[in-house]
Amino acid sequence: MAKTTDVRPIIKLRSTAGTGTTYVTRKNRRNDPDRLVLRKYDPKLRKHVEFKEER
């Protein structure tokens, strides 16, 4: 079983465009302690937009 204070927790990335699209990924807390922001493809808009980490 994974600990609740895992070094690589599972996070959700939600689209900033408001379409409700999410990606699920893992991140390293030691290297990226702040919230993650990535440009990824939103299939509902059919273009790349920013996705921000939600907790």
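Let me start with a term: a salt bridge is a side-chain nitrogen of Lys or Arg within 4 Å of a carboxyl oxygen of Asp or Glu. Keep that in mind, everyone, as we look at this structure, which is a predicted model.

So, how many salt bridges does the structure hold? There are 3, and I'd like to visit each of them with you.

Here is one pair: Arg26 and Asp6, whose side chains meet with an N to O distance of 3.4 Å. Arg26 sits in strand β2, residues 22–26, while Asp6 belongs to the segment before β1, so this bridge ties together parts that are 20 residues apart in sequence. Are these two partners buried or exposed? Neither label fits: Arg26 is partly exposed at 42% relative accessibility, and Asp6 is partly exposed too, at 24%.

Next, please find Glu54 and Arg14. Their side chains form a salt bridge at 2.8 Å, N to O. This pair links two strands: Glu54 lies in β4 and Arg14 in β1, so parts 40 residues apart in sequence are tied together. Glu54 has a relative accessibility of 27%, which counts as partly exposed. Arg14, with 32%, is partly exposed as well.

Now for Lys27 and Glu53, which meet at 3.0 Å, N to O. Where does each partner lie? Lys27 is in the loop between β2 and β3, the latter being residues 37–42, and Glu53 is in strand β4, so the bridge connects parts that are 26 residues apart in sequence. Have a look at the accessibility here: Lys27 comes out at 6%, and Glu53 also has 6%. Buried means under 20% relative accessible area, so Lys27 counts as buried, and so does Glu53.

Let's leave the charges and turn to the nonpolar side. In soluble globular proteins, nonpolar side chains tend to be buried together. In this model, the largest nonpolar core has 5 residues: Ile11, Leu13, Leu36, Val49 and Phe51. Which strands each supply at least two of them? They are β1, residues 10–15, and β4, residues 47–54.

One core member deserves a closer visit, and that is Phe51. Leaving aside residues up to four places away in sequence, Phe51 touches a whole list of others, including the core residues Leu13 and Leu36. Its contacts also include Thr21, Tyr23, Val37, Leu38 and Tyr41. Among the charged residues it touches are Lys40, Asp42 and Arg14, and Arg14 is the one we met earlier, paired with Glu54.

That's my tour; thank you for listening!

Technical notes. Residues are numbered from 1 along each chain as its sequence is written. This is a predicted model: local features need pLDDT of at least 70, side-chain atom pairs count only at pLDDT 80 or more; totals for chains, interfaces and linings use all residues. Side-chain values use heavy atoms; hydrogens and water are left out. A nonpolar core is a set of buried Ala, Val, Leu, Ile, Met, Phe, Trp, Tyr and Cys residues joined through side-chain atoms within 4.5 Å. Buried means under 20% relative accessible area, exposed over 50%, partly exposed in between (1.4 Å probe, protein chains only). Helices (H or I, at least four residues) and strands (E, at least two) are DSSP runs, numbered from the N terminus. Contact means heavy atoms within 4.5 Å.
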